[in-house]
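The following exercises are to be worked with the sequence and the model side by side. Each task is followed by a solution in steps.

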Amino acid sequence: ILIADDCSDGMEPNIKPHLPFGQLLELVSMENNLHLWSNPHRIGHAGGDMSAFWKGIIWAANIGGRVQVLAKLSQRFLVDIPGWLADWSSRLVESDLAIAGRGCVQDRWRIRTEAVLLRTEAWYRPDVLAELSPRRIGGPTEHVIGGIVDRVFGGQFLDWSMLAPGRRTPQ
């Protein structure tokens, strides 16, 4: 498991003792044998989300032991369905598509970014990694990911029906 932190309070180069969240992340990571990869500086909400994609793909291809399918989940996203990852990873691999996700009817996004499955080998390529490189961006990450899906993967993705049709729609 990789925790891609977007520079939580206390993780900055100048640790602030009164903001212990970063230190707590380090402790939880060490105690549970998790990988923690924090940004050195804040790059905004969308930039942090994009850096999670970038870090996850690199980790899955190299450090994570050649992970075939990467589950990119926001800290707000919890799944309580047994076997969901194995089931949907198999479906993604069998589909030969690069990504599983769902759009958002409220925001009219083609694909949301709080929960997606990525076929690591499809996303681990220089042009995609360059586009995902951690930085501040002027809009939602969903536009960047949707653009990559359109340009690189022909606009195709596996409809992850486990997710509701909108981020604010109960499933």
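**Exercise 1.** Is Ser51 buried or exposed?

*Solution.* The model is a predicted one, in which local features require pLDDT of at least 70 and side-chain atom pairs count only at pLDDT 80 or more, while totals for chains, interfaces and linings use all residues. Residues are numbered from 1 along each chain as its sequence is written, and side-chain values rest on heavy atoms, with hydrogens and water left out.

Step 1. Locate the residue: Ser51 belongs to helix 2; helices (H or I, at least four residues) and strands (E, at least two) are DSSP runs, numbered from the N terminus.

Step 2. Apply the accessibility classes: buried means under 20% relative accessible area, exposed over 50%, and partly exposed in between, with a 1.4 Å probe and protein chains only. Ser51 has a relative accessible area of 1% and is therefore buried.

Step 3. List its partners, where contact means heavy atoms within 4.5 Å. Not counting residues up to four places away in sequence, Ser51 touches Asn39, Ile43 and Pro134.

**Exercise 2.** Describe the overall make-up of the chain.

*Solution.* Step 1. Count the elements: there are six helices and six strands.

Step 2. Read their order from the N terminus, which is β-α-β-α-β-α-β-β-α-α-α-β.

Step 3. Consider burial and contact range. Of the 171 residues in the chain, 44% are buried. Among contacts with a separation of 6 or more, 70% join residues 24 or more positions apart.

**Exercise 3.** At what angle do helix 2 and helix 6 pack, and which residues make the contact?

*Solution.* Step 1. Choose the descriptors: two packed helices are described by the angle between their axes and the distance between the axes. Axes are lines fitted to C-alpha atoms, for helices over the stretch in contact, and angles run from 0 to 180 degrees between N-to-C directions.

Step 2. Give the values: the angle between helix 2 and helix 6 is about 40°, and their axes are 9 Å apart. Helix 2 is therefore oblique to helix 6; under 35 degrees counts as roughly parallel, over 145 as roughly antiparallel, 65 to 115 as roughly perpendicular, and the rest as oblique.

Step 3. Name the residues: helix 2 contributes Ala46, Asp49, Met50 and Phe53, and helix 6 contributes Thr141, Val144 and Ile145. By class, five are nonpolar, one is polar and one is charged. Here Ala, Val, Leu, Ile, Met, Phe, Trp, Tyr, Cys and Pro count as nonpolar, Asp, Glu, Lys and Arg as charged, and the others, Gly among them, as polar.

Step 4. Examine one participant. Ala46 is buried at a relative accessible area of 13%. Leaving aside neighbours within four places in sequence, Ala46 is in contact with Ile137, Gly139, Pro140 and Thr141. Its C-alpha atom is 8.8 Å from that of Arg135, 89 residues away along the chain.

**Exercise 4.** Characterise the largest pocket and its lining.

*Solution.* Step 1. State the volume, which is about 1100 Å³. On a 1 Å grid over the protein atoms alone, a pocket is an open set of points where a 1.4 Å probe fits, with protein on both sides within 12 Å along at least five of seven lines; lining residues have an atom within 4 Å of a point. Grid points are joined across faces, edges and corners, and a volume is the space filled by probe spheres set on the points.

Step 2. Identify the centre: of the 37 lining residues, Ala4, Ala52, Leu73, Ser74 and Gln75 are the closest to it.

Step 3. Assign the lining to elements. Those supplying at least two residues each include strand 1 (2-5), helix 1 (21-31), strand 3 (69-73) and helix 3 (84-95). Helix 2 gives the most, with seven residues.

Step 4. Sort by class: the lining has 20 nonpolar, nine polar and eight charged residues.

**Exercise 5.** Which environments do Asn33, Asp96 and Val128 occupy?

*Solution.* Step 1. Asn33 lies in the loop between helix 1 and strand 2 (35-38). Its phi is near 55°, a positive value in a residue other than glycine, and Asn33 is exposed, at 70% relative accessible area.

Step 2. Asp96 lies in the loop between helix 3 and strand 4 (99-101). Phi of Asp96, a residue other than glycine, is positive, near 65°; Asp96 is exposed at 59%.

Step 3. Val128, in helix 5 (residues 126-132), is buried, with a relative accessible area of 1%. Not counting residues up to four places away in sequence, Val128 touches Trp123, Ile148 and Val152.
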